[in-house]
Amino acid sequence: MTAPEDVDLDRVWTNVAAEVWRRRPGRLERAAAMVLKSPGLARALLTTPSLLLPWLIGSTLILAIGALAQVGANQPLVGLIAPAVAGVGIAYAYGPGVDPAWELACSCAVSDRLVLLTRAVAVFAVNAMLGLAASAATLDTRAETGTAQLTFGWLLPMTAVCALTLAVSVAFRSAVVGAGAGVAAWLIVVLARGTFNGVPGTPDTGAHLAAAITDPNLYLPYLAVAACCAAVVYYATRPQRGSQ
Amino acid sequence: MNIELSDITRRFGRNVAVDGVSLDVGAGVLGLLGPNGAGKTSLLRMLATILPPSSGQLTLLGRDPRQPADRREIRRRLGYLPQNLGYYPSFTVVEFVEYFALLKEMPPHLVPKAVAAAVEKVDLGPRAKAKLRTLSGGMLRRVGIAQAIVNEPELLLFDEPTAGLDPEQRVAFRTLIRDLGQTATVVVSTHLVEDVGAACSEVALMSNGKVVFRGTPEELTARGEAGQGVGDAPLERGYSAILSAARSAS
């Protein structure tokens, strides 16, 4: 049996192949496409290196360990590690050196700046939720005060650390450098505050470290750092005109 | 003209990668030849709107890529295959091509057919559902070509497209770009002069960031016959004659 002469078999086959090969987006991707109003941006979001399953499992495990372990009575360990975990995640949401198809993506209509912003916001939100869950799990109902501060207090430092890692990543075009800078800055802040407030290793260590996270005097500096870093990211991701 | 370059320069610190290049290119296939470090890839990256020029005027598809709205429109109508194609090992061929169709903002309802057509054009139909990590270098190159052509671009930029392809695939690729060049502007950067001879309607030869020759493959061949070029094929002799002349002039 032969096909009629006016039938374009190539076209027929392409239509069949399109149906057979068609990929049905998952619920998450469909929801992201609706929210972002862009199927391309939704797909780019789901290919974020630090939103992939191995990374999420790793972050969850680290925060779970932070929830189980305790430093003194005020249990600030989750608050201590959450900003660092989120900061590293944000740095690895950035493209060059991490996303293999970044150069190709930069030649596409969906803005690379928008992809970066969407990925950063998503990684931050996921890490904030994981951290809050871990923090809530450590709540000591016998504690008299400060539980809310301990649960939410680290969100502001986390914002500052994430902004710093993103700014350094885009400025140096390296996720490793960005992650290193963020973690190092956070360590310096924690160690400095812990040292100023008490003697490490004593029973009060937990309280002193908790103060390092939740000290209201640091809120403004954290916000200032986050704002400056956001400006750096905006500047570093602008379309370049001069020589590099 | 789909590409209009006027005195385009690109510097990296003190190094001048592209030095005052002016070119007007319409529909057809332009072969970009030149030795390593001649500035071909930098020029191609500027045409792909990834790298902005340090100075000079660049107009693509009648638009100014410095303007965000124009740049977005250019990118919708652009296909680009970089020299080093990065890919996601866990993606299948179809997923990868579809990903870039979506990033190029193709209407979603057109994507499945466009992906199928692009995958068929590069003869990867039997491996459409294969993970990229299982493919050979030549097959990955063809995946890269498929993502470049999926949106039926008006401006196509290929950087070393035939690297890793076997002779049969190279012949098929030349046929493909000749077809594409009927309606679109295709720029092919390559080291392989035989690709240029077989597929390109025009040739531009770069040396030290400058375009030192522009003409047809036949004109390039004639330069070899008239000059002091070395090489096994007439085109190679033309290539080396022009390069020698450019080097002695500089």
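In the predicted model described here, strand S1 (residues 3-12) of chain B and strand S2 (residues 15-25) of chain B pair in the antiparallel sense over 7 bridges, where strands are DSSP runs of E of at least two residues, helices are runs of H or I of at least four residues, both being numbered from the N terminus, and two strands pair if DSSP finds at least two bridges between them. Local features of this predicted model need pLDDT of at least 70 and side-chain atom pairs count only at pLDDT 80 or more, whereas totals for chains, interfaces and linings use all residues. Residues are numbered from 1 along each chain as its sequence is written, while chains are lettered from A and ligands numbered from 1 in the order in which they are written.

Within the pairing of S1(B) with S2(B), B:Glu4 has B:Asp24 in S2(B) as its bridge partner. The two strands form a hairpin with 2 residues between them, and B:Gly13 in the turn has a positive phi of about 65 degrees. S1(B) is also joined by 5 bridges to strand S4 (residues 55-60) of chain B, the two running antiparallel, and in this pairing B:Ser6 stands opposite B:Gln57.

Chain B further contains an open sheet of 6 strands in the order S5-S6-S7-S3-S8-S9, with mixed pairing. Its edge strands, each pairing on one side only, are strand S5 (78-81) and strand S9 (210-215) of chain B, and the twist from one strand to the next averages 15 degrees; angles here run from 0 to 180 degrees between N-to-C directions, and axes are lines fitted to C-alpha atoms, for helices over the stretch in contact. Strand S8 (residues 202-207) of chain B is joined to S9(B) by 5 bridges in an antiparallel arrangement, with B:Val203 opposite B:Gly215. Helix H1 (residues 40-47) of chain B lies across strand S3 (28-33), strand S6 (155-159), strand S7 (185-189) and S8 of chain B, and runs at about 150 degrees to S7(B). Helix H6 (residues 167-180) of chain B also packs on the sheet, where it touches S3, S6 and S7 of chain B, and its direction makes about 145 degrees with that of S7(B).

Between the chains, 36 residues of chain B are in contact with 29 residues of chain A, two residues being in contact if their C-beta atoms, placed from the backbone, lie within 7 Å. On the side of chain B that touches chain A, two or more residues are given by each of S1, helix H2 (68-76), S5, H3 and helix H4 (111-121) of chain B, and the largest share, 7 residues, comes from H3(B). The residues of this side divide into 20 nonpolar, 4 polar and 12 charged, with Ala, Val, Leu, Ile, Met, Phe, Trp, Tyr, Cys and Pro counted as nonpolar, Asp, Glu, Lys and Arg as charged, and the others, Gly among them, as polar.

Helix H3 (residues 39-46) of chain A and helix H3 (residues 93-103) of chain B pack at an angle of about 130 degrees, with their axes 7 Å apart, and are therefore oblique to each other, given that angles under 35 degrees count as roughly parallel, over 145 as roughly antiparallel, 65 to 115 as roughly perpendicular and the rest as oblique. In this packing, A:Pro39, A:Gly40, A:Arg43 and A:Ala44 in H3(A) meet B:Tyr99, B:Leu102 and B:Leu103 in H3(B), a contact comprising 5 nonpolar, 1 polar and 1 charged residues.
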